[in-house]
Amino acid sequence: MTDAQSKAARLLRKQGSVSSLSSSDVYKVHKVGRHSQRSMSTVSFMDDPGHDDHYRPAMKFENSYQMTPGRKFPSGKVKNIIKDVLEGYLAEEKYEPELCKQMSKTISEVIKARVKELMIPRFKIICIVDIGQSNNQALLMGSRCLWDSANDTYSSAEFRNNSLFAIAQVYGVYYE
């Protein structure tokens with residue numbers, strides 16, 4: 001082993017990137033035709049969880065400058081999804097406060113997942129589900145947000161049975 005090779009092996013061993021093999025096992029002799037070459041195997045520990053990634057450059061993304069969506073938010077398809085999920089989950093249910101609390105979270109996640117399956121590019125999906133007891137009362141609901149009326153939209157549907165009512169809204173907010 002030459003002086004330069006041993007110095008390189010010591011430097012790599014100090015930095016923690018030489019394999020755990022002994023130094024005699026690290027160097028291999030490869031025959032290429034009549035000539036033989038010595039090479040050194042190294043193992044990188046960069047992916048270990050204890051290593052700092054401070055020397056990796058930050059990812060930079062290019063601007064797309066796309067100010068309008070390529071296609072509109074499919075409100076009709078989303079409304080059908082909302083109706084199907086509400087009817088599927090609540091058709092035989094009776095109003096119980098704790099059960100309805102959990103069902104509103106579950107139904108919201110299911111609706112959002114099914115809408116995301118439509119692969120609508122560049123729209124943020126927001127889903128809100130309200131479930132309440134049906135006692136022949138009136139209910140007025142409202143919502144406010146700041147949005148672009150040309151590109152942003154929503155879909156909503158409601159469900160009723162003898163014991164409860166449910167209202168679900170899905171907002172499609174265009175993300176530039």
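Let's start with Leu-118, which sits in the loop between α4 and β3. Please keep in mind that we are looking at a predicted model. Is Leu-118 buried or exposed? Neither, quite: Leu-118 comes out as partly exposed, with a relative accessible area of 27%. Setting aside neighbours within four places in sequence, Leu-118 touches Arg-71, Pro-74, Lys-77, Val-78 and Ile-81. Take Lys-77 from that list: along the chain it is 41 residues apart from Leu-118, and the two C-alpha atoms are separated by 8.9 Å.

Two other residues in this loop are worth a look if you like backbone torsions. Met-119 is in the loop between α4 and β3, and its phi is near 55°, a positive value in a residue other than glycine. Met-119 is exposed, at a relative accessible area of 65%. Arg-122 belongs to the loop between α4 and β3 as well, with phi near 65°, again positive and again not a glycine. Arg-122 is partly exposed, its relative accessible area being 27%.

Now let's move to α3, the helix that runs over residues 75-90. From first C-alpha to last, the 16 residues of α3 reach 22 Å, close to the 22 Å expected at 1.5 Å a residue. Which residues of α3 are buried? They are Val-78, Ile-81, Ile-82, Val-85, Leu-86 and Leu-90. These buried residues lie on the same side of α3 because they cover an arc of only 125° around the axis. On the face turned away from that buried side, you will find the exposed residues Lys-77 and Gly-88. And what covers the buried residues of α3? The cover includes α4, β3, β4 and β5.

Of those, let me pick out α4, residues 97-116. In general, a pair of packed helices is described by the angle between the axes and the distance between them. Here, the axes of α3 and α4 come within 10 Å and cross at roughly 145°, and the crossing is right-handed. On the α3 side, the contact is made by Val-78, Ile-81, Ile-82, Asp-84, Val-85, Leu-86, Tyr-89 and Leu-90. Facing them from α4 are Met-103, Thr-106, Ile-107, Val-110, Ile-111, Arg-114 and Val-115. By type, the residues of this contact divide into twelve nonpolar, one polar and two charged.

To close where we began: Val-78 and Ile-81 are in contact with Leu-118, and both also take part in the meeting of α3 with α4. Thanks, everyone, and I'm happy to rotate the model while we chat.

Technical notes:
Residues are numbered from 1 along each chain as its sequence is written. This is a predicted model: local features need pLDDT of at least 70, side-chain atom pairs count only at pLDDT 80 or more; totals for chains, interfaces and linings use all residues. Side-chain values use heavy atoms; hydrogens and water are left out. Axes are lines fitted to C-alpha atoms, for helices over the stretch in contact, and angles run from 0 to 180 degrees between N-to-C directions. Helices (H or I, at least four residues) and strands (E, at least two) are DSSP runs, numbered from the N terminus. A crossing is left-handed if the near helix is turned anticlockwise from the far one by less than a right angle, and right-handed if clockwise. Contact means heavy atoms within 4.5 Å. Ala, Val, Leu, Ile, Met, Phe, Trp, Tyr, Cys and Pro count as nonpolar, Asp, Glu, Lys and Arg as charged, and the others, Gly among them, as polar. Buried means under 20% relative accessible area, exposed over 50%, partly exposed in between (1.4 Å probe, protein chains only). The expected span of a helix is 1.5 Å times one less than its number of residues. The arc is that of the directions from the helix axis to the C-beta atoms.
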